[in-house]
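Q: I am new to this structure and would like a close look at a single part of it, namely the aromatic rings and how they pair.

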Amino acid sequence: MELETFMEDVISKNPGQPEFHQAVNEIAINLIPFINKNPQYEKASILERIVEPDRTIVFRVVWEDDEGHPRVNKGYRVQFNNAIGPYKGGLRFHPSVNLGILKFLGFEQIFKNSLTTLAMGGAKGGSNFDPKGKSDREVMRFCQAFMTELSKHIGEDIDVPAGDIGVGAREIGYMYGQYRKLHTEFTGTLTGKGLDYGGSPLRTEATGYGCVYFASEMLNVQDQTLEGKTCLVSGSGNVSIYTVEKLIDEGAKVVTLSDSSGFIYDPDGLDTEKLSFIKDLKEVRRGRISEYAAEFDCEFHDGIKPWKVPCDIAFPCATQNEIDESDASLLVKNGCKVVCEGANMPTTLEGIKVFENADILHAPSKAANAGGVAVSGFEMSQNALGLTWTHEEIDEKLHVIMRRIHEQCIEYGKQNGTIDYFRGANIAGFVKVADVMLAYGIV
Ligand code: NDP
C-alpha cells in the first residue's frame, strides 16, 4: 500500500473536505508503513474501512429568534466507528462547522478514545449555529430544536455526545433538558452535565488538566519539570482556561491567551487572580480577551496569533490549523522546545514537518487532549452505576490515564533513542480498534 494512491482515493471519495483529508493524511503517514509490515490489516482492508464513517446524519434545525423570525441551521452527527464501544464525541456550534470538519474531528476521535483504554467509539457532531451574540433564550430555543432531531439517533449505549467549541455547560444543560423531556428518562446520554444532574467532578477541568499532565510526562523523560517554564497558551475557552490553571499550579509562567480577535501578552505571567478574571470574562460575561489587557495593563495584539512570543512550551488550545509552517518556524526560532496540543489538529502538516526537523517534542491532540473524553467516560460509568466519585478520585484516575497514553506513545513511537509522539499515538490508537474489527469479520 502506498500513501499517495491511498490519499488520492480518500480525496476522490470525499471531495471538498480538506480538513478530513488532512486528518487522514496525518495518520496514514504512520499507519501505512506499519500496515505494510502487518499484512493482516491490509488483507482485511482495515484502513479503507476505518476512513469511512458508519453513518452521517444531516438535518435541518429551525428555531425562533427574539424578534419572532424563524431561523434555519444545519445539524450533523457523524457516527464514525463503534468497534470498541458506543459512539462518543463532542458537539461543536460554530459558523465554520461543515461535514468535512466534523468528519476530521470524528475520525480523530476514534484513535483518541482508543488511547484512553476505555470502551468508547468515535463520533462528532454540531451545527453552523453561532452562539456568539445570541441571547440566552435564543441559545435555549436552538439547543431544544437541535436536540429534538438528534435525540432520535443517540442513547446511553448508542451514542453519547458532549461539548466542544461553542458548547459548554449552558448548552449541555438545555440539550439534556430537552432529551429528558422527549425520552421520559434520566440516563447518561450526554456528558459534561451539571454536577447536580449526573455530571462528573473534574469534567470541566479535565481536557486542560490532562494536557498539562501529558506535558509533565514528556518533560519527565527529559529529567525536566514545568516549574519556571515560559508557556504560550492560545484560545481562552474551556481547554485554555484549565490548561492555564494547572500550569499555574505546576509553577509555570503563562504569558499569552487569545480569542478570534487577537492575543494578550502579559510578561509577568497569569496568576490565580488574573485567571479568575478570565473565567468571569469568558464563562459568565462572554466578553472579548482585549478586556484583560485593559484590566491588567498589558499588550493586546489585534487580529494575530501568539506564536511570535519567545517561549519554552506552546499549548495551542483554540482550534484546528492555528499553527502553520511560518508559525512553527517562528516558535522554533524563538526557542520553543515542546508543543503540546490542547486543541484538535492545531498544527498543519507543514507545521508538523518543521517541528519534526527541529527535534521539537510534539504531542498530538489525540494523545494530549484525551483527558476530556476520558473523564466523560468516567461520567458514563458513574451514571450507569448510580454513584459519584470524588474530585480526588477522578483526578487520580485522570493522571493514570494520561500516564498510560504517554506509555503507549513511547511503546510505538520510540525510535533510535528519540520519541515520535505522532507515530506512537497513531499506531497505538489504531491497533486496538483494528484488532477488534478483525475479530468481528467483514461487517
Ligand atoms: P471553547 O468554545 O470553550 O473555546 C474556544 C476558544 O478558541 C475561544 O477562545 C475561541 O475564541 C477560540 N477560537 C475558536 N475558533 C477560533 C478560530 N477559528 N480562530 C481563532 N480563535 C478561535 O472551546 P473548547 O475550549 O472546548 O475547545 C478548544 C479546542 O479544544 C477545540 O479544538 C476542541 O475541539 C478541542 N477539545 C475540546 C475538548 C473539551 O473538553 N472542551 C476536548 C478535546 C478537545 P472566540 O470566542 O473569539 O471564538
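Are Phe93 and Phe142 buried or exposed?

A: In this predicted model, both Phe93 and Phe142 are buried. The rings of these two residues form an aromatic pair of the edge-to-face kind, with 5.1 Å from centre to centre and 90° between the planes. This pair links distant parts of the chain, since Phe93 belongs to strand E3 (residues 87–93) while Phe142 belongs to helix H6 (residues 136–150), and the two are 49 residues apart. Phe93 and Phe142 are also members of a cluster, linked by ring pairs, that includes Phe59, Trp63, Phe129 and Phe146 as well. One member of that cluster, Phe129, has a charged neighbour, for Lys134 lies over the face of the Phe129 ring at 5.2 Å from the ring centre.

Looking beyond the cluster, the count for the model comes to 23 aromatic pairs. Among them is the pair of Phe20 and Phe80, whose ring centres are 6.1 Å apart and whose planes stand at 40°, and therefore the pair is tilted, because an angle that is neither under 30 degrees nor over 60 is counted in that way. Here too the pair links distant parts of the chain, with Phe20 in helix H2 (residues 18–37) and Phe80 in strand E2 (residues 70–81), 60 residues apart. Phe20 and Phe80 are each buried.

A charge over a ring is found at Phe296 as well, where the charged end of Lys274 sits over the ring, 5.9 Å from its centre.

Note on methods:
Residues are numbered from 1 along each chain as its sequence is written. This is a predicted model: local features need pLDDT of at least 70, side-chain atom pairs count only at pLDDT 80 or more; totals for chains, interfaces and linings use all residues. Side-chain values use heavy atoms; hydrogens and water are left out. Rings of Phe, Tyr and Trp (its six-membered ring) pair if their centres lie within 6.5 Å; planes under 30 degrees apart count as stacked, over 60 as edge-to-face and the rest as tilted. Helices (H or I, at least four residues) and strands (E, at least two) are DSSP runs, numbered from the N terminus. Buried means under 20% relative accessible area, exposed over 50%, partly exposed in between (1.4 Å probe, protein chains only). A charge sits over a ring if NZ of Lys or CZ of Arg is within 6 Å of the ring centre and within 35 degrees of the ring normal.
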